[in-house]
Amino acid sequence: MSAHPTIGFVGLGVMGGPMCRNVATKHPGDVLAFDLSADAVAALADTETEAMPSVEALAARADIVLLSLPGGPQVEAVALGPVKANAKPGSTVVDLSTTPVAAARTVGEGLAAAGIAFADAPVARTREAAQKGALSIMVGAAPDVFARIEPVLAYMATDITHGGDVGAGQVLKLVNNMLLFENVVAIAEMMVLAERAGVSGEVVLEAVSKGSGDSFALRNHARKAMLPRDFPEKSFPPEYVLKDIGYVFELAQETGVPIRAAETVRKYYEAAVAAGLGGRYFPGVIRLVEDGTFADAPTTEPAT
């Protein structure tokens, strides 16, 4: 591989588009891009990214193929289909998507059979962080593969964690996401509780951010979305949350770990979709608390 490998980027969506832009503006070598959406490709026209006609054409030229796709089925289909069939032996595939742990390991084994290295490297933080190149990336890969791809990941991230062999990146990402989803639900309940008790949401967030209840979710999701009750479309919706939660439960079943709190949180996001909050930014679950429309179990009256 040359000092400046050719990088191919497949998937230019909400996160993939800005990630590819950072790669294209920082990498001294060639950067190739493909997406099914012509508009997504056109959005990078002001960079030196070379638009490719197909995944096959991209994989044939790239030394490192980056994937940013909706989920496990898409990653398996692309990585074990056109990428495996066309990528050069000795090249590397890096999956930036969130997938089941088992899917990451299946892809890694399938590519290894063709002499292609693999790393699962799911990203965390917001679209704004993706735009700034300030993501957190958790990586599952052999040590030599991690050393090879770390400079490329640094184009997109300020924090990079090597968790272990293939699959470890997805384990870390799923744990991260589940904690975030649970935290958002907890904040939603406590914000509404405080507001109904006569304390403004602004004061709640200001006070808690200085105490032991502080969190990334409180400073970002709560302050930027839940406080103004602003839940835009084309952001991370509850349907995507449920996809990731489904992966968490797959892992819990495989490992035999009970995750009771996660069960309640999953019901919240299922109720959000049922209540018409689908397609909008997922912290909108606070609406369920406000409206009293979330019913999990019968309320137990306090003892007298």
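Q: To fix terms: buried means under 20% relative accessible area, exposed over 50%, and partly exposed in between, with a 1.4 Å probe and protein chains only. What is the relative accessible area of Glu128?
A: Glu128 has a relative accessible area of 36% and is therefore partly exposed. This is a predicted model, in which local features need pLDDT of at least 70 and side-chain atom pairs count only at pLDDT 80 or more, while totals for chains, interfaces and linings use all residues. Residues are numbered from 1 along each chain as its sequence is written, and side-chain values use heavy atoms, with hydrogens and water left out.

Q: Which residue does Glu128 meet in a salt bridge?
A: The partner is Lys224, with a separation of 3.4 Å from N to O; a salt bridge here is a side-chain nitrogen of Lys or Arg within 4 Å of a carboxyl oxygen of Asp or Glu.

Q: And where do those two lie?
A: Glu128 lies in helix 6 (residues 127-132) and Lys224 in helix 10 (residues 216-226), so the pair ties together parts that are 96 residues apart in sequence. Helices (H or I, at least four residues) and strands (E, at least two) are DSSP runs, numbered from the N terminus. Lys224, like its partner, is partly exposed, with a relative accessible area of 49%.

Q: How many salt bridges are there in the whole structure?
A: The search finds 17 salt bridges. One of them joins Asp63 to Lys88, whose closest N and O atoms are 3.0 Å apart. That pair links distant parts of the chain, 25 residues apart: Asp63 is in the loop between helix 3 (55-61) and strand 4 (64-67), and Lys88 is in the loop between helix 4 (72-86) and strand 5 (92-95).

Q: Is Asp63 buried or exposed?
A: Asp63 counts as buried because its relative accessibility is 13%, whereas Lys88 is partly exposed, at 31% relative accessible area.

Q: Back to helix 10: what does Arg223 pair with?
A: Arg223 forms a salt bridge with Glu206, the closest N and O atoms being 4.0 Å apart. Since Arg223 lies in helix 10 and Glu206 in helix 9 (residues 201-208), this pair ties together parts that are 17 residues apart in sequence. Arg223 is partly exposed, with a relative accessible area of 28%, and Glu206 is partly exposed as well, at 35%. Elsewhere, salt bridges that share partners join Glu195, Arg229, Arg287 and Glu290 into one network.

Q: At what angle do the axes of helix 9 and helix 10 cross?
A: The two axes cross at roughly 170° and come within 10 Å; axes are lines fitted to C-alpha atoms, for helices over the stretch in contact, and angles run from 0 to 180 degrees between N-to-C directions. The crossing makes helix 9 roughly antiparallel to helix 10, on a scale where angles under 35 degrees count as roughly parallel, over 145 as roughly antiparallel, 65 to 115 as roughly perpendicular and the rest as oblique.

Q: Which residues make that contact?
A: Glu202, Leu205, Glu206 and Val208 of helix 9 meet Leu218, Ala222 and Arg223 of helix 10, where contact means heavy atoms within 4.5 Å.

Q: Changing topic, how many aromatic pairs are there?
A: Rings of Phe, Tyr and Trp (its six-membered ring) pair if their centres lie within 6.5 Å, and planes under 30 degrees apart count as stacked, over 60 as edge-to-face and the rest as tilted; by this rule the count comes to 8 aromatic pairs. Among them, Phe181 and Phe282 are edge-to-face, at 5.5 Å centre to centre with 85° between the planes. Phe181 is in helix 8 (residues 168-196) and Phe282 in the loop between helix 12 (260-277) and helix 13 (286-291), 101 residues apart. Both Phe181 and Phe282 are buried.

Q: What about Tyr268 and Phe294?
A: Their ring centres are 3.7 Å apart and their planes are at 15°, so Tyr268 and Phe294 are stacked. Tyr268 is in helix 12 and Phe294 in the segment after helix 13, 26 residues apart, and both residues are buried.

Q: Last one: how many residues of helix 1 are buried?
A: Helix 1 (residues 16-26) is mostly covered, with 8 of its 11 residues buried. Asn22, found in helix 1, counts as buried because its relative accessibility is 8%. Not counting residues up to four places away in sequence, Asn22 touches Ala130, Gln131, Lys132, Gly133 and Tyr155.
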